[in-house]
Amino acid sequence: MSSATWRSHFTFNRYSQICARALRQSLKESERVKAEKRGLTALRYQHWENGQGGEQVYLVPPEGKAAAGAK
Amino acid sequence: MLARRTLACVGSQPSVLGAAPTNARNMATLRELELRLKSVRNIEKITKSMKMIASTKLNKAQRAMNSGKQYGAANAELFQNSPSEEPAKRKLFVVVSSDKGLCGGVHSSVSKATRRVMAEQKDLDPESPVMVIGDKSKAQLSRVLPKNMTLSFNQIGRDVPTFADAAGVTDLILKSGVEYDSITIVYNKFVSAISYEAATIDVVTENALKASSGFKAYEMEDDVTKDVAEFALANAIYAALVEGHACEISARRNAMDNASKNASDMINSLQLQYNRGRQAAITNELVDIITGAFHLVISDILH
């Protein structure tokens, strides 16, 4: 456990999301479709400095579209 | 009265562009009323359909909320046994709302609660960072607390929030390198299908957990403590997101219900006004015609 090297690369949350994705992809087809919906996120975020918002960035860029939308 | 009427109608024809002022005014008001009636009818259709959609979504959202709250409850035992020794001076506020409007006072409730909590605690650092999930509260809080805003998120809340959303938000918060002693999540608590109220969840940070005397009883390694703190934050954010989503949908249902009721009341009163106006215009035209015809007959008889 303490010799795990993933801790230096990402957080426990990311680790659990990766494991969850692996588990979902290994499910039977009908269950997999239902479970995939639980792993979706379209999150966008922007940093703020002094009351000014920065550029909006997608956490997971959607397929085939430009990621950032400046505001 | 008859003489005046005769004078008026000898040189006039009742028409849409109406020479006689009363006729013209009636027609113009009638046209306006008709347009207003049509637009209020459209609005009633729209608000009614929005209410239907919100009612169907509410069931799913409530089920997700009931199962999602268990995640938040999981933290409770840990935090209860290892309370923080010193009061937090610099708190990170995570405000949970959403991007869409037309849902009553959901967003302003959370924004006001944040400002209230910030004002109430006397020794709070005035530069306590604030992070906002949802564009509506972001707009409100960026006007009131521009210096405190550090990070904002959107595109959450279109559908039921997933744990992936909460994990993503948590990771971004931790990666941003903002300093704080503890975290306060401000969200809307689901009281019933017709009411909600703003509430807060306090989350203890890794350092505070390590410093707490109750925590030593758990005998955890440092690495695992960090994991627990991160996971606890993601749990708490997920519970707040799901409950806030359910509150927003029920508030939207209620708001659209009220709007539809108001719109149908307006339709009734406008319809009555329109009918009265229409009947008055018809009566006036009849009186003009009859008076004109009457005078023609009289002048035939006399000459």
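This report describes chain A, some helices of chain B, and a set of salt bridges in a predicted model.

Because the model is predicted, local features need pLDDT of at least 70 and side-chain atom pairs count only at pLDDT 80 or more, while totals for chains, interfaces and linings use all residues. Residues are numbered from 1 along each chain as its sequence is written, chains are lettered from A and ligands numbered from 1 in the order in which they are written, and side-chain values use heavy atoms, with hydrogens and water left out.

**Chain A and its helix α1**

Chain A has two helices and three strands, and from the N terminus on they follow the order α-α-β-β-β; here helices (H or I, at least four residues) and strands (E, at least two) are DSSP runs, numbered from the N terminus. Of the 71 residues in chain A, 21% are buried, where buried means under 20% relative accessible area, exposed over 50%, and partly exposed in between, with a 1.4 Å probe and protein chains only. The accessible surface of chain A comes to about 5200 Å², and 55% of that area belongs to carbon and sulfur atoms; such areas come from the Shrake-Rupley method with a 1.4 Å probe, and for residues only the protein chains shown count as cover.

Helix α1 of chain A covers residues 12–25, and its 14 residues should span 20 Å at 1.5 Å a residue, which agrees with the 20 Å between its end C-alpha atoms; the expected span is 1.5 Å times one less than the number of residues. Which residues of α1(A) are buried? They are A:N13, A:Q17 and A:R24. Seen down the axis of α1(A), these buried residues fall within an arc of 40 degrees, so they line one face of the helix, the arc being that of the directions from the helix axis to the C-beta atoms. Their cover includes α2 (29–37) of chain A together with α5 (163–175) and α7 of chain B.

**Salt bridges**

Over all chains, the whole structure holds 15 salt bridges, each defined as a side-chain nitrogen of Lys or Arg within 4 Å of a carboxyl oxygen of Asp or Glu. Three of them are listed here.

| Pair | Closest N to O | Helix |
|---|---|---|
| A:K34 and A:E31 | 3.8 Å | α2 of chain A |
| B:K138 and B:D135 | 3.3 Å | α4 of chain B |
| B:E230 and B:K226 | 3.3 Å | α7 of chain B |

A:K34 and A:E31 are three residues apart, about one helical turn, and B:K138 and B:D135 are likewise three residues apart, whereas B:E230 and B:K226 are four residues apart, about one turn of the helix. An α-helix has 3.6 residues a turn, so residues three or four places apart point the same way.

In the pair in α4, B:K138 is buried at 5% relative accessible area, while B:D135 is partly exposed at 21%. In the pair in α7, B:E230 is buried at 6%, while B:K226 is partly exposed at 34%. Salt bridges that share partners also join A:R7, B:D223 and B:D227 into one network.

**A nonpolar patch and a residue in α2 of chain B**

B:L286 lies in helix α7 (residues 222–302) of chain B and is partly exposed at 46%. Together with B:I282, B:I289 and B:I290, B:L286 makes a nonpolar surface patch of about 390 Å²; patches are made of residues with over 30% relative accessible area and no salt bridge, with like charges joined within 9 Å and nonpolar side chains (Val, Leu, Ile, Met, Phe, Trp, Tyr) within 5 Å.

B:A73, in helix α2 (residues 21–81) of chain B, is partly exposed at 44%. The C-alpha atoms of B:A73 and B:A239 are 8.6 Å apart, although 166 residues separate them along the chain.

Key
Contact means heavy atoms within 4.5 Å.
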